[in-house]
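Visitor: Could you walk me through the charged pairs here and tell me how each label is earned?
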Amino acid sequence: MGIEHIQGTSKVRLLLSLCLFILAGESSCFSTPSFTTKSSGLTAASEGRTLVAVTREDGKNSKLLKVISDDLELGSTTELLELPCIEHASGADIDILGPTLKSKDWDYVAVTSPEAAKVLASAWDIVRDNPPPVVAVGVATERSLEGFSIDVCFTPSKATAETLVAELELNGPSTSLLYPASARAKKTLQNGLEARGVEVTRLNTYDTVTANWSDDKKKASEEVKIACFASPSSIKGWLQNTNENNNVIAACIGETSATACRNHGWDESKIFYPEKPGIDGWVQAIKDAAASITVAHS
């Protein structure tokens with residue numbers, strides 16, 4: 001009986017070990033891929049992962065980071081590095097924004113970015129009881145305005161200044177529009193609307209300046225394979241901090257940033273962007289950029 005008991009105990013232990021082995025294997029098969037975000041810029045990408053830089057100003061990358069982290073394809077193959085290329089500062093006309101809003105009954109106020117929405121909101125209380133109609137370029141800008149309880153009356157079918165110029169309905173021959181803009185914004189919207197007879201008052205309410213990187217961030221940027229750009233200013237900031245590195249693959253939020261990359265000498269094969277600007281199309285552009293690396297290495 002003693003020998004049989006020992007043999008029986010051994011069989012039980014063997015069966016238990018086998019079950020644990022199987023369960024461990026099943027757990028590894030169904031586990032969620034890990035996703036790593038590096039904000040310090042002090043270490044290289046993990047082996048087998050593609051290092052992707054997000055370049056919007058500090059505090060504005062969280063949405064893109066979350067969408068990528070929730071994507072199984074990118075989450076399992078990509079490592080993110082936050083390298084803000086731009087910062088925002090007050091513009092020359094910020095102090096007269098409130099009085100200008102109050103000065104007349106504007107037919108429209110045009111807002112072209114989430115940052116411009118934030119700046120407008122800082123002066124909005126002066127007209128909140130009798131607000132002028134607000135038009136927004138892009139869904140992200142519209143949502144930002146709504147977050148400040150500012151209603152939006154019109155958003156063009158494509159998030160570009162050119163589309164807004166073409167699609168905005170005018171209120172007769174003397175339509176007035178207030179345009180609180182970045183000091184570095186091009187005159188596309190302003191000139192286009194004026195060509196249609198709109199009386200445009202532009203205020204340079206904020207400025208976009210290049211962020212200055214530490215030596216550690218500059219060193220980390222050398223490992224980056226894909227840089228995500230949401231504006232021409234971010235592209236300029238990247239180039240200034242990376243000794244004019246236009247060899248990195250550019251995943252752009254839309255055509256405006258893609259055009260800026262072309263103007264700065266990027267090869268067309270290294271520029272990826274959606275036809276219609278937006279976060280979903282941007283993520284697809286990042287996927288396409290990552291796929292191009294896989295194809296090149298196969």
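Guide: Sure, let's take some salt bridges in this predicted model one at a time.

Visitor: Why is the contact between K66 and D70 called a salt bridge?
Guide: The cut-off is 4 Å between a Lys or Arg side-chain nitrogen and an Asp or Glu carboxyl oxygen. For K66 and D70 the N to O distance is 2.8 Å, so the pair counts as a salt bridge.

Visitor: Where do K66 and D70 sit relative to each other?
Guide: Both belong to helix α2 (residues 62-70), and because they are 4 residues apart there, about one helical turn separates them.

Visitor: What makes K66 buried or exposed?
Guide: Exposed means over 50% relative accessible area. K66 comes out at 52%, so K66 is exposed. D70, at 53%, is exposed as well.

Visitor: And how do you know which label fits D207?
Guide: Buried means under 20%. D207 has 19%, so D207 is buried. Its salt-bridge partner is R184, with the closest N and O atoms 3.0 Å apart. D207 lies in strand β8 (residues 199-210) and R184 in the loop between β7 and α8, so this pair ties together parts 23 residues apart in sequence. R184 is exposed, at 52%.

Visitor: What about E255 and K158, which meet at 3.3 Å, N to O?
Guide: That value is within 4 Å, so it's a salt bridge too. The two are 97 residues apart: E255 is in helix α11, K158 in the loop between α6 and α7. E255, at 36%, falls between the two cut-offs, so E255 is partly exposed.

Visitor: How many salt bridges does the structure hold?
Guide: There are 11.

Notes. Residues are numbered from 1 along each chain as its sequence is written. This is a predicted model: local features need pLDDT of at least 70, side-chain atom pairs count only at pLDDT 80 or more; totals for chains, interfaces and linings use all residues. Side-chain values use heavy atoms; hydrogens and water are left out. Buried means under 20% relative accessible area, exposed over 50%, partly exposed in between (1.4 Å probe, protein chains only).
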